[in-house]
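Ready for a few exercises on how a chain is put together? Have the structure open as you go, and try each task before you read its solution.

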Amino acid sequence: MKSFWKTSLIVCVIASFALVGGIVPTAKAAPKVIKIGVIYPLTGPAAAAGRELRAGAELAAKICNNVMPGIDMPMAKNAGIKALGGAKIKLIFKDHQGNPQLGADLAKQLIKDDHVVGILGCYYSSVTKTVSAVCERYGVPMINGSSTSPALTKRGFKWFWRTTPHDKYFTEDLFKFLVGLTQGKVKGVKPVPKSDLEPIVSACENTEWGSHVSGLIKTMAKKYHFKLAKSILYAAKAPDLSAEVQSLIEPKPGTMLFASYISDAILMVKTLKSMKAHPKIIWGQDAGFEKPEFRSTLKDNIVGVLTRTVFIPSIAKVKKVAGEVNALYKKKTGHDLGGASARSFTGLQAWVAILEKAGSTNPKAIQKAANTIMIPGEYLVVPWKGIKFSTSGDEIGQNVLGSGMIGQYQKDASGNIVLQAVYPFELATAKMIYPFKGF
Amino acid sequence: MGAFTSGMIQSIVSALLMGMVFALVALGLTIIFGVMNIVNFAHGEFLMVGMYACLLFSTMTGLDTLASLPFAAIVGFLLGVMCYYGLVKYLLRGPMIAQLFGTFGLMLLLRNLALLIFGSEPRIAHHGILVGRSFVIGHGIVLEATKLTAAGFSIILFLTVSWILNHTKVGKALTATALNAEAARYMGIPTERMNALAWGIGGATVTICGALLVNFWPVDPNIGLLFTMIAFATVALGGFGNIKGAFYAGIIIGFLIYIPTFWDTTTMAIGDKALRGIHLFSFKYTFVYLAYFLIMVFRPHGLFGIKE
Amino acid sequence: MEVIRNIFDLSDIPRKDLTVFGIFSLFLLIFPLIPHSSFAMATMIEFLMFSLYGMGWNTIGGYGGQVDLGKAQYAGIGAFTTAVMLIHWNIPFWISAPVGMIFAIIWSFAIGYPLFRMRGHYFAIATIATSLVLLDVFQSWNFVGAAKGLELPLKSMPSLLYLQFRSDTYYYYILLFLFFFGFFYINWFRKSRLGFQLRAIKDNEEVARSLGINVHWCKIKTYAIATSFVAVVGSFHACYNFNIDPEDIMSLDLSILIAMMAMVGGAGSLWGPIIGAAVLIPLKSYLGSWLGGKEGLAGLDLVIYALIIMIIAAFEPRGIWGIVEKARKRGKI
């Protein structure tokens, strides 16, 4: 009996560790494959966004790895990376569940165990922050396609590049749009007196991203001389918003601005409805306000709601390549491309272009290629002038050619809710509905 | 009526309604505690089960969420009884610390089973008679139908439970068990079954509350803790085991959660720039935690409790 | 000299336990030399961190029987002190960690005094409450980065002073040093005057009081000891992850995990937290990576945790170590 317990104790304690120690690094990859680690929130509160992001990256990899004659992009012209002997892109997906700590651990695994060439991710700014710090430490290139916290490119990192424009651009766009509204530049709307749009109130979630946006709204309101009556930060994940909404509608706002992820965004609009809010303009800073769920859940309630975005399917009218990719994406998932998927697609597209230019998987070569690359806007699905990263100044690795859009939910002829572009003014795809008709 | 007055009235009304809902959350906890002096850590998780049960029922049958109340009650009752016979009975034999570990384990289990089954995406009832409805009662004061209904049910359930305890045979047996379990056993009361019954009733009230709550409050697997804390604060304020106390304490908790709104309305009225810059919304629940802590330190027998 | 002898005195422990521990220590020492994946290394580091957390918790929760579910707040204080001092004044880890520890202890006295007027469940819930209050404060406090948290600046060169290395092996050995330090400290603690007083309190508070033990003060002192363990590991956590935010380091989930190590392994025994961490951490890591990655299986690891805890609570509140000891006694009969 004694010896039994002795043995079982030893087994108990040591076995778990033998297990740990016994895991040998995975075998080196075949040379014809270029591994890129992709870290997205595949489960957790942002799982819906995660699915979109994943589909976007997968589609880009598919276009890169195969010859696709119908697509006007350099990477569709040949199979794999030409400069690397036709090596194929292989994406290794990891799920960070919205947890920065987990994200950093996953990045380490990707770098040290999977020997990835580089990393793409991570959607949440908070996770991108930790993951990029790991990459910086190990000298592994990382491209970020969809995190919009301005702070990310202010850290002087040498191994971090961001393709998407960030919240400062977006928030400034909003105020330019409001100014345009007073000057009659918006399609279908006569000049609106400024006092109709005032006061402005904002509610942002109390997270890395939300608190940045809140700060930016304050700065921009001052810069463009709009009266900001209230800007509150609410606790994300504390899901009764009636107290917040009540306080928001008290000053009788003309414009309401929000920065919320999906579940809060839905709840916010519902609470606005039940508390009988009637602002002239409701604007959401992407994220929750742009997800398919937002549309499918709230249906007619959101006609007239504005959201900043980077991609609207209707711009296919203006941009041919966007329509081609969107058709493929719709075939794959059943949805149109959205802000998340289009940017994820563009992020991987940037990766492919950089690898093509570097002609090597050596980190130094990739770094050099990334710092000098110029992808013209005509090859992108998003309406940017192109991709070119800044290498000096107070922002390092930020794409300087990006720009945002503002879309409005409208009902199309067949009764579906679709997003129409209202800003930039020259890209407007429909007349704007003004004022917001109320719930 | 000025903006200040109407804002204040609106806040008071909302706080009252929310408070009654919180009282209902705490009702089950205080029943269980009253009868057998054990505290259920998994109380908030019971609420979560009720919320999911309601959503599941209404999506599967296509009926309104209100129709799921009896279903939620049955689920809650069974859950409570099962927990008693499957776990709590064994915990009672061990030291106090075992009870703590045990219900704590139950909390983890329910929380993660929910995660496993439903995933972590928040869900909420999107359709129903109540969802999104509200009444304007003049001067911009809005009553949300969902909260009004929940508050109404809270009053009904409180009255029912007090009536059962005071006027039925079972209720008297329960009270007897609560007062002195040993003596009750000598009197021929099946105390074990009474304990199970307390767990059943406790479970049923809290799942009903969950089914009402899900009309306006999204559910996700981690929601339980917030409600456990709210319930504990309520029960601590009202005095452990005191049903009437729980009702009033719930209303106080409701007002605590609306402190940021009161503050906001007041500072708006004063119009001072510096004060208006301070927003307390991210501290909404902090006041509840603080209340629990302070009440346990200074008035461990509750705000209305008499020192034994 | 007496103290030093007491620290290393393991003579009351059965020989075979020491043999097992010896083999295990040897394994820990040579682990980095064995070929391993970075995932295994990360798991081992987490194991060491959580055994230290667990050892700290075990003093008040195990020996003292006061179930504390708010330990994460002290990990947060430690981590944020280290981060703030590094960012604002460029102060190395070896200074900021003790400072963080002192802050944590001060805070533990401040809230420990009222906290220990409660017992049992009320105490446990109150610790959660204080932890959540502090979390909310940190999430809105701009000086410590509010909800954004803080990012530690990367030094251009690896540095022992600032605890910044490129290889995890260095972190591992530093933790291993702390681990043995903690182990021998607990070995001394359990035989110290305070240790005996504490066990008397756990058995019966009234009796302990009648023996002239200042129950309240004993608990507060032990609480401070538990706190200092947690705060130091928190400081280490900040350097190891070079990024902290309140939601991550001060969350209730961390508090729960800390408590679970000793609860499962065996509260109130020297080996408890180590066994607990050795079982739970690999379970969490591997289940998390094998199953959690597959959609729809997230949470399974914690379901297993929960079942273990419930079974232990219902049948053997002294945890895995309690089962071992029980079996051993039966073997002797």
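The exercises below go from domains to sheets and then to the contact between chains; keep in mind that this is a predicted model.

**Exercise 1. Find the domains of chain A and describe where they touch.**

Solution.
- Start with the division: domain 1 of chain A covers 33-165 + 318-387, and domain 2 covers 168-309 + 404-427.
- Next, place them in space: the centres of the two domains, taken over C-alpha atoms, are 29 Å apart.
- Then look at the contact, to which domain 1 of chain A gives 16 residues and domain 2 of chain A gives 19 residues.
- On the domain 1 side, helix 2 (47-65) and helix 4 (125-138) of chain A each supply at least two residues.
- Finally, sort that side of domain 1 by class: there are nine nonpolar and seven polar residues, with no charged residues.

**Exercise 2. Trace the strand order of the five-stranded open sheet in chain A and find the helices that lie across its strands.**

Solution.
- The order is 2-1-3-4-5, with parallel pairing.
- The edges are strand 2 (88-95) and strand 5 (160-162) of chain A, each pairing on one side only.
- For a closer look, take strand 1 (residues 33-40) and strand 3 (residues 118-121) of chain A, which are joined in the parallel sense by four bridges. Here G37(A) has I119(A) in strand 3 as its bridge partner.
- Now add the helices. Helix 2 of chain A lies across strands 1, 2 and 3, at about 170 degrees to strand 2. Helix 3 (residues 100-112) of chain A also lies across strands 1, 2 and 3, at about 175 degrees to strand 1.

**Exercise 3. Work out the order and edges of the seven-stranded open sheet in chain A.**

Solution.
- Reading across, the order is 7-6-8-9-10-13-14, and the pairing is mixed.
- Strand 7 (228-234) and strand 14 (417-423) of chain A are the edge strands.
- Neighbouring strands of this sheet are turned against each other by 25 degrees on average, direction ignored.
- One antiparallel pair is strand 10 (residues 306-309) with strand 13 (residues 405-411) of chain A, joined by four bridges. In it, T309(A) is partnered by M405(A).

**Exercise 4. Which elements of chain A give two or more residues to the side that touches chain B?**

Solution.
- Count the contact: 27 residues come from chain A and 28 residues from chain B.
- The elements are helix 2, strand 7, helix 8 (242-249) and helix 9 (262-274) of chain A.
- By class, this side of chain A has twelve nonpolar, nine polar and six charged residues.

Definitions and conventions:
Residues are numbered from 1 along each chain as its sequence is written. Chains are lettered from A and ligands numbered from 1 in the order in which they are written. This is a predicted model: local features need pLDDT of at least 70, side-chain atom pairs count only at pLDDT 80 or more; totals for chains, interfaces and linings use all residues. Domain bounds come from an automatic or database domain assignment. Two residues are in contact if their C-beta atoms, placed from the backbone, lie within 7 Å. Ala, Val, Leu, Ile, Met, Phe, Trp, Tyr, Cys and Pro count as nonpolar, Asp, Glu, Lys and Arg as charged, and the others, Gly among them, as polar. Two strands pair if DSSP finds at least two bridges between them. Axes are lines fitted to C-alpha atoms, for helices over the stretch in contact, and angles run from 0 to 180 degrees between N-to-C directions.
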